[in-house]
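Please open the model in your viewer and keep the sequence beside it, so that each stop can be selected in turn.

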Amino acid sequence: MTKPPPPETGSEPPERPAPVEHAHALPAGTVIEGYRIERLLGEGGFGLTYYAIEEAIDRPVAIKEYLPIGIGARDHQSLAVMPVSEERGADFEWGLERFRKEAATLVQFEHPNIVSIHRYFEALGTAYLVMPFIEGVSLEDIIKRLGHVPEAELRVIVDPLLDGLEEIHKADYLHRDIKPANIVMRPDGTPVLIDFGAARRFRNSNTVPLTSILTEGFAPLEQYQPDSEQGPWTDIYALGAVLYMCVSGERPMSATTRVEALAMDKPDPMDSAATSCVGSYSPALLAAIDAALHLSREERPQTVSAFRAMLDGAQTPAQAAPAPAALPVGPDG
């Protein structure tokens, strides 16, 4: 796998992609709490992410703004963010609390392969997360460009991710949205896991839906089910789906599509990694991917250490460690 070029000096990223357009984005040049907005990097269900400069020390940062699709909107005169209607006010406040919890989650982790946080603040009727601007490209873009990732490079990616994920699980958190788009490859070839907007620890009694906190193809069946048992095996499914895309070049089928076929006594419509990539990767790697993508959570590796052992060929699925206690995740998904 060809590494991205080294970053250029200065505050601007080395290669500026085409500007991302959004009707409710802060205008370029806006200064908020000492940060000058330069451009929009992207958007998601919870809001917008900007490339900005911390003016006092000329430091590039990424700023995530809470502005949920279909629920919040910006007043273009005051630049304030507010619910689109009185009826959506409760949804807006519920999502804002989840955004605060994302900040509370991130401050607990100091790991080279987990995105860190500089600051959290509230302004303009909404909230902001200030994070390091990570030079590099997403694993999703690399897969699209190369078609697949050779095994040697894949282990360079997955081993640090497993280290970071193990730290997350030791703190009784789940990421719950691991996918190629949320893995950024630095110029030195090391990965960083980003976007903890779906991370959860405790059961949330508020059942007001805001948006689906899952990504088709990378979310296991339990993320679709209210009051489901979610645990490390949930993130392991997602990581298995990432590896499946790395070796096959294909986005995995959704868990619901797969289970619907099985319910009609049809074979699993998604080819196994061992079938589709035989001869191109080691049997241990392909077997580990297929085990991680098992629809039944009990049949997956139950911990990061068990999955790592499978990748190394030291364990079979039947030898994987017994399941730890499930992490209770609320009915909001």
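The tour below goes from the confidence of the model to its sheets and then to two pairs of helices.

Begin by colouring the chain by pLDDT, since this is a predicted model, in which the protein averages a pLDDT of 84 and 83% of the residues score at least 70. Select residues 1-18, where pLDDT stays under 50 and for which the model has 36 contacts beyond four places in sequence. Then select residues 202-211, another stretch with a pLDDT below 50, which has 26 contacts in the model beyond near neighbours in sequence. Where pLDDT is low, the predicted coordinates should not be read in detail.

Turn next to the open sheet of six strands, whose antiparallel pairing follows the order 1-2-3-4-8-7. At its edges you will find strand 1 (31-32) and strand 7 (119-123), each of which pairs on one side only. Within this sheet, select strand 3 (residues 47-54) together with strand 4 (residues 59-66), and you can follow an antiparallel pairing over eight bridges. To look at one position in that pairing, pick L48, whose bridge partner in strand 4 is E65.

The next stop is an open sheet of three strands, arranged in the order 9-10-11 and again with antiparallel pairing. Strand 9 (137-138) and strand 11 (191-193) stand at the edges with a single partner strand each, so one side of each is left without a neighbour in the sheet. Strand 9 pairs with strand 10 (residues 183-185) in the antiparallel sense over two bridges, and here V137 has M185 of strand 10 as its bridge partner.

Now select helix 3 (residues 151-170) and helix 4 (residues 232-248), which pack at an angle of about 165° with their axes 12 Å apart. The two helices are therefore roughly antiparallel to each other, and their crossing is right-handed. To see the contact, show the side chains of L154, V158, L161, L162, L165 and H169 on helix 3, and of P232, D235, L239, L243, C246 and V247 on helix 4. By class, this contact of helix 3 with helix 4 has ten nonpolar residues, one polar and one charged.

For the last stop, select helix 7 (residues 283-292) and helix 8 (residues 304-311), whose axes come within 7 Å and cross at roughly 145°. Which residues of helix 7 and helix 8 meet here? From helix 7 they are A284, L285, A287, A288, A291 and A292, and from helix 8 they are F307, M310 and L311. By class, the contact of helix 7 with helix 8 has nine nonpolar residues, with no polar and no charged ones.

Technical notes
Residues are numbered from 1 along each chain as its sequence is written. This is a predicted model: local features need pLDDT of at least 70, side-chain atom pairs count only at pLDDT 80 or more; totals for chains, interfaces and linings use all residues. Side-chain values use heavy atoms; hydrogens and water are left out. Axes are lines fitted to C-alpha atoms, for helices over the stretch in contact, and angles run from 0 to 180 degrees between N-to-C directions. Helices (H or I, at least four residues) and strands (E, at least two) are DSSP runs, numbered from the N terminus. Angles under 35 degrees count as roughly parallel, over 145 as roughly antiparallel, 65 to 115 as roughly perpendicular and the rest as oblique. A crossing is left-handed if the near helix is turned anticlockwise from the far one by less than a right angle, and right-handed if clockwise. Contact means heavy atoms within 4.5 Å. Ala, Val, Leu, Ile, Met, Phe, Trp, Tyr, Cys and Pro count as nonpolar, Asp, Glu, Lys and Arg as charged, and the others, Gly among them, as polar. pLDDT is the predictor's confidence in each residue, from 0 to 100. Two strands pair if DSSP finds at least two bridges between them.
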